[in-house]
Amino acid sequence: MAGFPFETAERFRSLMDNPEMARLWLAGLGVRDAERAFRDLRDLSGRGVPLKLVARLAGQLDAALPRCPDPGMALTNLERFVAGSPDPEATLEALATNARVAEIAIQLFSTSQFFSELMIRDPSLLDWLRGGADRRDRETLIIDLWNDLAKGSTEETRRLALRKFRLREVLRIGYNDIIRDLPLELITLDLSHLADACVEVAYRLARRNAEDRYGNPSGREGHPARFVVLALGKLGGEELNYSSDIDLIFVYDVEGQTDGPKPVSNAEFFAKLGGEIVRFLSDHTALGLAYRVDMRLRPEGDQGPLARSLPSTLGYYQTAGRTWERQALIKCRPIAGDIDLGRDFLQSITPFIYRRYLGAAEIGEIKAMKRRIEQRTVSAGTAEVEVKTGHGGIRDVEFVVQFLQLLHGGEYPEVRHANTLVALSKLEIVGCLTAEERGIMVDTYRFLRRVEHRLQTMFDRQTHEMPRSREEQRTLAIRIGYPPASLWEDRTGPAQRFLADYRAKTEKNRAILNHLLHDAFADGGSTVDPVVDLVLDPSPGPALIEAALEPYPFRDKATAYTNLMALAREDTPFLSQARCRHFLAGIAPRLLQAVGNAPDPDMALTNLEKVSASLGAKAMLWELFNFNPPTLRLYVELCSTSQFLSEILINNPGMV
């Protein structure tokens with residue numbers, strides 16, 4: 001029945017007078033609940049508007065609904081949108097006479113119930129989108145929001161103004177995402193800058209209120225005390241979701257007190273200021289909350305002060321900071337308050353994040369943390385449908401990136417970047433990732449973040465779990481961009497294609513994580529072999545060299561160390577030094593154990609170094625041995641059998 005002509009109002013009236021025919025037509029457009037859709041269409045035509053307008057709109061529906069993820073949802077929201085407008089006839093005319101406007105509305109009404117509710121609540125937003133959906137920079141957002149809040153006469157009106165501003169801007173970003181199909185990087189950047197603006201304005205209001213009550217805080221020499229809001233997580237990386245917590249840390253520069261009639265310490269002043277920022281953003285109102293604020297990543301978590309001085313914060317990380325905190329601080333970014341103070345903090349904290357090398361014990365902590373996350377997902381039964389923490393999900397990409405940044409960031413400062421996609425490119429440039437690995441992870445990350453966004457924009461909920469019913473999976477697939485089923489394809493074809501791609505991409509993603517982290521550094525039980533640290537440390541001291549080589553029967557440990565370091569060095573110019581050291585560290589305990597079992601360990605290691613140098617491409621060799629341990633044993637046996645055989649291999653590397 002798709003393609004039913006609506007040249008005249010009479011033809012449309014004849015359709016509405018024949019409910020069975022109308023239901024067949026609607027079902028042909030992809031509507032699942034044709035009875036409800038018929039009622040929606042009947043309500044549209046019964047609002048005292050000219051029937052010819054409804055007929056023309058029906059023609060627009062005939063063209064647009066088959067391409068929608070959920071045609072029935074689109075029609076229901078369309079009817080509510082027209083009914084809620086101040087002038088239903090004018091609204092209907094705008095939709096009926098402009099195919100592009102109608103298609104925009106129908107796509108939004110079919111893709112996101114959250115966006116639909118915003119537009120139904122304020123129908124003028126459709127016209128605003130058409131004229132005001134261009135991207136806006138961070139400073140413009142701050143200025144506009146500050147001006148909006150300046151109109152509020154009470155704290156409650158300002159809270160509502162901030163939430164209204166955020167909702168309108170999120171709709172604008174969603175329009176650019178769903179209708180204009182802007183790249184993921186621009187959508188997440190715009191979402192992050194919107195959050196930056198809201199936090200900055202919340203800070204300004206909170207500081208003004210705190211200074212009115214307590215006076216101005218200053219240091220012991222009278223200089224005004226500074227304060228900065230630091231973001232971690234996806235906000236810190238400028239890759240925020242539509243519905244995400246924002247992870248914050250509050251830092252002020254100096255201890256001191258305020259100059260008010262009843263002075264308080266800077267610690268108390270900034271703790272109260274920080275608390276007000278959190279409440280302003282996260283308190284529930286008639287328009288909900290602006291952001292869920294998570295302060296648990298601050299020093300000492302929930303047990304620590306809400307705001308902390310710069311010396312105290314740095315002191316905490318230097319004396320008590322843990323590996324997971326180093327990993328979290330990779331994404332640290334100053335977003336509000338005194339940005340220069342934030343830059344000072346980042347400069348001071350960099351040596352804590354990116355140490356000279358990442359030790360075996362710390363690698364073990366990262367592996368254990370990742371496995372705990374995986375186990376929680378498996379225990380919940382969501383490993384195959386959780387796009388964030390599930391098998392091969394978003395968190396797998398993030399863990400690979402952050403692990404490699406910690407592993408190599410001390411030697412390669414260029415990989416120190418908070419944004420996941422940028423960091424992936426930089427890790428490939430310095431050789432920590434192959435082009436194939438980077439390509440797979442970038443493709444998977446973009447794909448999964450798109451799925452995540454479509455899940456979250458449906459109801460503005462912080463969810464990462466895909467639906468389990470095939471019909472809902474079909475709808476999700478079309479929302480992501482898979483075309484509806486063709487005439488010769490099963491209705492659930494989009495779901496089947498989407499799920500096949502999902503499984504293929506996440507399987508490759510998990511394989512890369514395992515290869516670079518879990519498999520490269522096999523668990524050694526409760527003990528950590530110091531030879532792993534010996535390979536990873538670019539300048540080990542005599543004590544580490546002695547401790548690492550002591551268990552192995554080398555007569556000349558200095559030469560053994562020299563040979564081991566030569567094995568960690570890639571001599572082929574275009575191959576990766578970082579990857580060579582990475583994978584040698586992973587196999588070093590097994591390699592030295594096999595060498596130690598040779599009749600002459602010193603000769604065996606010397607020959608092994610010479611043969612490896614003649615072969616070149618050591619990183620590929622160590623990866624092979626990591627993947628296939630029997631080849632490692634065979635290689636050591638060849639190099640330790642006799643000096644004569646080793647010379648043959650050195651002069652004829654192709655024989656290996």
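Does H408 count as buried or exposed, and at what relative accessibility? In this predicted model, H408 counts as buried because its relative accessibility is 5%, and the cut-off for that class is under 20%. The residue belongs to helix α19, which covers residues 394–408. Setting aside the neighbours within four places in sequence, the contacts of H408 are V415, C432, A578 and H582.

One of these partners, C432, leads on to the cysteines. The closest cysteine sulfur to that of C580 is the one in C432, yet the two are 12 Å apart, which is too far for a bond; a disulfide would need the sulfur atoms within 2.5 Å. C580 is itself buried, as its relative accessible area is 0%. Another cysteine, C68, also counts as buried, with a relative accessibility of 1%. Across the structure, the number of disulfides is zero.

A look at one pair of helices rounds out the picture. Helix α7 spans residues 99–111 and helix α8 spans residues 113–121; the two pack with their axes 6 Å apart, at an angle of about 125°. The pair is therefore described as oblique, since this angle lies outside the ranges for roughly parallel, roughly perpendicular and roughly antiparallel. On the α7 side, the residues that meet α8 are L108, F109 and T111, and their counterparts in α8 are Q113, F115, S116 and M119. Sorted by class, this contact brings together four nonpolar and three polar residues, with no charged ones.

Technical notes:
Residues are numbered from 1 along each chain as its sequence is written. This is a predicted model: local features need pLDDT of at least 70, side-chain atom pairs count only at pLDDT 80 or more; totals for chains, interfaces and linings use all residues. Side-chain values use heavy atoms; hydrogens and water are left out. Helices (H or I, at least four residues) and strands (E, at least two) are DSSP runs, numbered from the N terminus. Buried means under 20% relative accessible area, exposed over 50%, partly exposed in between (1.4 Å probe, protein chains only). Contact means heavy atoms within 4.5 Å. Axes are lines fitted to C-alpha atoms, for helices over the stretch in contact, and angles run from 0 to 180 degrees between N-to-C directions. Angles under 35 degrees count as roughly parallel, over 145 as roughly antiparallel, 65 to 115 as roughly perpendicular and the rest as oblique. Ala, Val, Leu, Ile, Met, Phe, Trp, Tyr, Cys and Pro count as nonpolar, Asp, Glu, Lys and Arg as charged, and the others, Gly among them, as polar.
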